[in-house]
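The following exercises are to be worked through with the sequence and the model in view. Each task is followed by a solution in steps.

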Amino acid sequence: MHKNRQWICITGIFLLLLFAACAPKAGMLQAEGKSLQEEDAEDKDVMSSAVLTQAPELEENSNNEKLVQKLVQQITPQPPTPTEAPSLSLVMVGDVLLHTRILEGAQLEDGTYSFASLFENITEEIQAADLAIVNQEVILGGSELGVSGYPAFNAPYEAGDALVAAGFDLICHATNHALDKGKKGLLNCIGFWKEQYPDIGVIGIYDSAEGRDSIYLYEANGITVAVLNYTYGTNGIALPKDMPYAVSLLDRDRVIADLKKADELADFVIVCPHWGTEYVSEPTKEQKKWAKLFEENGADLVLGTHPHVIEPIEWQGDMLVYYSIGNFVNWTSGTKAGTADRMVGGMAEITLERAEDGTVFVAEYGVTPLICHVEEGKQKVTVYTIYDYTKELGEQNAIRNQDAAFSYEYCAELCERIWGELWR
């Protein structure tokens, strides 16, 4: 029935347009002193003769008919253009380890610090994502507590300024170094973020039980994701007696409760665990056990940190797992074989989409290898994507003094061995 009504409508429009196209001819005849009735009364032979002598006008009428056909085609309803599915892009980089030589190179003549050089070569990639996450390994206790590197780290607040300027939206602070400066360092860090950057998400450390019980949610393009952050421990430093909630630990019951709550609140659930064994490029049995627990209780994506080297990317059922994205920046004092591995990290890149049934899923995923470049001097430590790094830079990297195996080729071969075709 609908199609018949549409055809009748189009036919009517066609006839009206055809009549309009022919109307000027009738006006011309009347202007010559002949009415339409008089024309009808003329002899048939005369009419035939008139038709034969008006061949050019017939050709013009034919052009009018073509015009009418074109107009009808233009007003004929066309099928709607398919719209793109709602999507959300996210990236995450690994451990920001501010070793002593990095801190020394970042200090300015007036005693303040600038860490802008660390991010200057990848800022565009960070800011392009809807959600950008970083694992801030070092507590930001501020200069008042004494800036220090390994083994008890403490960074000045300027490190936080640089993270925000680079474009990060969410800071993960649940690491084994969260209590390196005790309760005071932790409270200073939380206070800095709340006072200076209240719109930046901070998870993994808390100054209240209410904060610990909350679920971090991020929404973009109609998609809501929940992000949880845990650490395996705090290097043997006990939680403050009056703040048992201070650092989010990998506690089975707590993790399950958080996952269930997050699954109710969000379309997609991400877990960022600080786990694994340092300098080991394969996931441990403990990591596998936790990954299975995450997947069984509603997690959709795992982005792991702490081993300080890159580890494989695999599927655990319907859940995608980045076991370790390695260091973002570091200047380790190590000199053993394999030290060069610590200079390679990854930027996890994931695109989420909403399916027709309303569920949100991983539509695309991959990883961009990152290379930490260190040189002696001020503002000489930075991070490049492997695509912007060169053989010449590799030869200049000061880490070669600690592990002569380091080179551009070494980094590329490492990525190929661990990530295969996944790295872009």
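**Exercise 1. Strand pairing around E12**

Task: Determine in which sense E12 and strand E13 (residues 360-373) pair, and over how many bridges.

Solution. The model is a predicted one.
Step 1. The pairing of E12 with E13 is antiparallel and extends over eleven bridges.
Step 2. To fix the register, take glycine 346: its bridge partner in E13 is proline 369.
Step 3. The hairpin formed by E12 and E13 has five residues between the strands, and glycine 358 in this hairpin adopts a positive phi near 95°.
Step 4. E12 is also joined to strand E1 (residues 87-96), by six bridges, and these two strands run antiparallel. Here serine 89 stands opposite threonine 351 of E12.
Step 5. As to burial, strand E12 (residues 344-354) is mostly covered, with eight of its eleven residues buried.

**Exercise 2. The length and cover of helix H9**

Task: Establish what span the 15 residues of helix H9 (residues 182-196) should have, and compare it with the distance between the end C-alpha atoms.

Solution.
Step 1. The expected span is 1.5 Å times one less than the number of residues.
Step 2. For the 15 residues of H9 this gives 21 Å, and the end C-alpha atoms are 21 Å apart, which agrees.
Step 3. Among the buried residues of H9 are Gly185, Leu186, Phe192 and Trp193.
Step 4. The cover over the buried residues of H9 includes helix H8 (158-166), strand E3 (170-172) and strand E4 (201-203).
Step 5. Phe192 and Trp193 also belong to a cluster linked by ring pairs, together with Tyr157 and Tyr197.

**Exercise 3. Two aromatic pairs**

Task: Classify the ring pair of phenylalanine 119 and phenylalanine 328, then that of tyrosine 150 and phenylalanine 153.

Solution.
Step 1. A pair of aromatic rings is described by the distance of the centres and the angle of the planes. The structure holds 13 aromatic pairs.
Step 2. The ring centres of phenylalanine 119 and phenylalanine 328 are 5.3 Å apart and the planes are at 15°; planes under 30 degrees apart count as stacked, so this pair is stacked.
Step 3. Phenylalanine 119 belongs to helix H6 (residues 116-119) and phenylalanine 328 to strand E11 (residues 327-329), so that the pair links distant parts of the chain, 209 residues apart. Both phenylalanine 119 and phenylalanine 328 are buried.
Step 4. For tyrosine 150 and phenylalanine 153, the centres are 6.2 Å apart and the planes are at 65°; an angle over 60 degrees counts as edge-to-face, so this pair is edge-to-face.
Step 5. Tyrosine 150 is exposed, because its relative accessible area of 59% is over 50%. Phenylalanine 153 is buried, because its relative accessibility of 1% is under 20%.
Step 6. The peptide bond from tyrosine 150 to proline 151 is cis, with omega near 10°. Proline 151 lies in the loop between strand E2 (131-135) and H8.

**Exercise 4. Positive phi outside glycine**

Task: State where asparagine 235 and glutamine 379 lie, and decide whether each is buried, partly exposed or exposed.

Solution.
Step 1. Asparagine 235 is not a glycine, yet its phi is positive, at about 60°. Asparagine 235 is in the loop between strand E6 (223-231) and helix H11 (252-265).
Step 2. With 40% relative accessibility, asparagine 235 counts as partly exposed.
Step 3. Glutamine 379, likewise a residue other than glycine, has a positive phi near 55°. The loop between E13 and strand E14 (382-385) holds glutamine 379.
Step 4. Glutamine 379 has a relative accessible area of 29% and is therefore partly exposed.

**Exercise 5. The nonpolar cores**

Task: Identify which residues have the most contacts inside the largest nonpolar core.

Solution.
Step 1. In soluble globular proteins, nonpolar side chains tend to be buried together.
Step 2. In this chain of 424 residues, 47% are buried.
Step 3. The largest nonpolar core has 98 residues, and those with the most contacts inside it are Leu98, Phe168, Leu303, Tyr322 and Val329.
Step 4. Beyond four places in sequence, valine 329 touches residues including Val96, Leu98, Leu118, Cys372 and Val383.
Step 5. A second, separate core has 22 residues, among them Leu259, Ala262, Val269 and Ala291.

Note on methods: Residues are numbered from 1 along each chain as its sequence is written. This is a predicted model: local features need pLDDT of at least 70, side-chain atom pairs count only at pLDDT 80 or more; totals for chains, interfaces and linings use all residues. Side-chain values use heavy atoms; hydrogens and water are left out. Helices (H or I, at least four residues) and strands (E, at least two) are DSSP runs, numbered from the N terminus. Buried means under 20% relative accessible area, exposed over 50%, partly exposed in between (1.4 Å probe, protein chains only). Contact means heavy atoms within 4.5 Å. Two strands pair if DSSP finds at least two bridges between them. A nonpolar core is a set of buried Ala, Val, Leu, Ile, Met, Phe, Trp, Tyr and Cys residues joined through side-chain atoms within 4.5 Å. Rings of Phe, Tyr and Trp (its six-membered ring) pair if their centres lie within 6.5 Å; planes under 30 degrees apart count as stacked, over 60 as edge-to-face and the rest as tilted.
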